[in-house]
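Here are a few notes to read alongside the structure. Take them one at a time, and find each part on the screen as you go.

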Amino acid sequence: MQEPQVPPVACCENPDPQSAMPCATCGKPTCKNCRTFSETKPMCRECRVQVEAKLVDEKPDASRLATALVGGVTGAILGGALWAAIVLITNYEVGYVALAVGALAGYGTLLGAGGKKSGALQGISVLAAVLGLVLGKYFTVAHMLIHKTEEFAGRSYLDSEIIQLFVNNVTEFVSGFDFLWLFLALGIAFKVPAPTKVSMSRKK
Ligand SMILES: [Zn+2]
């Protein structure tokens, strides 16, 4: 029995069957006159239009930036509170809690932005993470001063002298090892709302 001959599908208005190959996304043929390469994968025109539309759709409009800020700051405060809770429970400062602060700031931003991604959202996320990290670090320092020094014993966590001491000596409370965690935490916050990267070229 003979297979029925399937007529070649024209991939564009100027099809070149010689160079046609299946689109890596949908499988339809696409020739050198209509395909694009995403990394090394051939992509037909329809799929490229869809990818481009998705990238445009991913960008937040201005109103989303405000809700993203609220989300990021909320996440960061939660992160700072988590850090504080761990210090309270264990009496130790655990460096990698900073990573949770970065992630909470990042996902808070993403959630607040309704899942949108952009460079501006990355900025908001990093700023929120800085806030969370400062809050966590402040609470740790205040906790240690209240519980491990006679001078500050019994003071409140919002004692103005403790706040002033923290502000004036903030760099001294951050050790070299802390910097690694802080750097990684900001990296996470930066990455979560990062726009999708697609590199497309016409080269074969
Ligand atoms: Zn396709």
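The points below cover a sheet, a helix and a pocket.

1. Please keep in mind that this is a predicted model. Let's begin with the sheet: it is open, has 3 strands in the order E4-E3-E5, and its pairing is antiparallel. Strand E4 (41-43) and strand E5 (200-201) stand at the edges with a single partner strand each, so one side of each has no neighbour in the sheet.

2. Now look at strand E3 (residues 36-38), which pairs with E5 over 2 bridges in the antiparallel sense. Which residue of E5 is the bridge partner of Phe37? You should find Ser201 there. Helix H1 (residues 45-58) packs on this sheet and touches E3, E4 and E5. The direction of H1 makes about 90 degrees with that of E4.

3. Helix H3 (residues 97-112) offers a nice check. With 16 residues at 1.5 Å a residue, H3 should span 22 Å, and its end C-alpha atoms are 22 Å apart, so the two values agree. Just after H3 comes Gly114, with a positive phi near 65 degrees.

4. H3 has a number of buried residues, among them Val97, Val101, Ala105, Gly108 and Gly112. The buried residues of H3 pack against helix H2 (62-90), helix H4 (119-148) and helix H6 (176-191).

5. Finally, try the largest pocket, which holds about 210 Å³ of space. Its lining includes Trp83, Lys137, Phe166, Phe179 and Leu186. Both H4 and H6 supply at least two residues each to that lining.

Methods: Residues numbered from 1 in each chain as written. Predicted model: local features only at pLDDT ≥ 70, side-chain atom pairs only at ≥ 80, totals over all residues. Heavy atoms only, no water. Pairing = 2+ DSSP bridges. Helix = DSSP H or I, 4+ residues; strand = E, 2+ residues; numbered from the N terminus. Contact = heavy atoms within 4.5 Å. Axes fitted to C-alpha atoms, helices over the stretch in contact; angles between N-to-C directions. Expected span 1.5 Å × (residues − 1). Buried < 20%, exposed > 50% of the residue type's maximum accessible area, 1.4 Å probe, protein only. 1 Å grid on protein atoms, 1.4 Å probe; cavity = no way out; pocket = protein on both sides within 12 Å on 5 of 7 lines; lining within 4 Å. Points joined across faces, edges and corners; volume = space filled by probe spheres on them.
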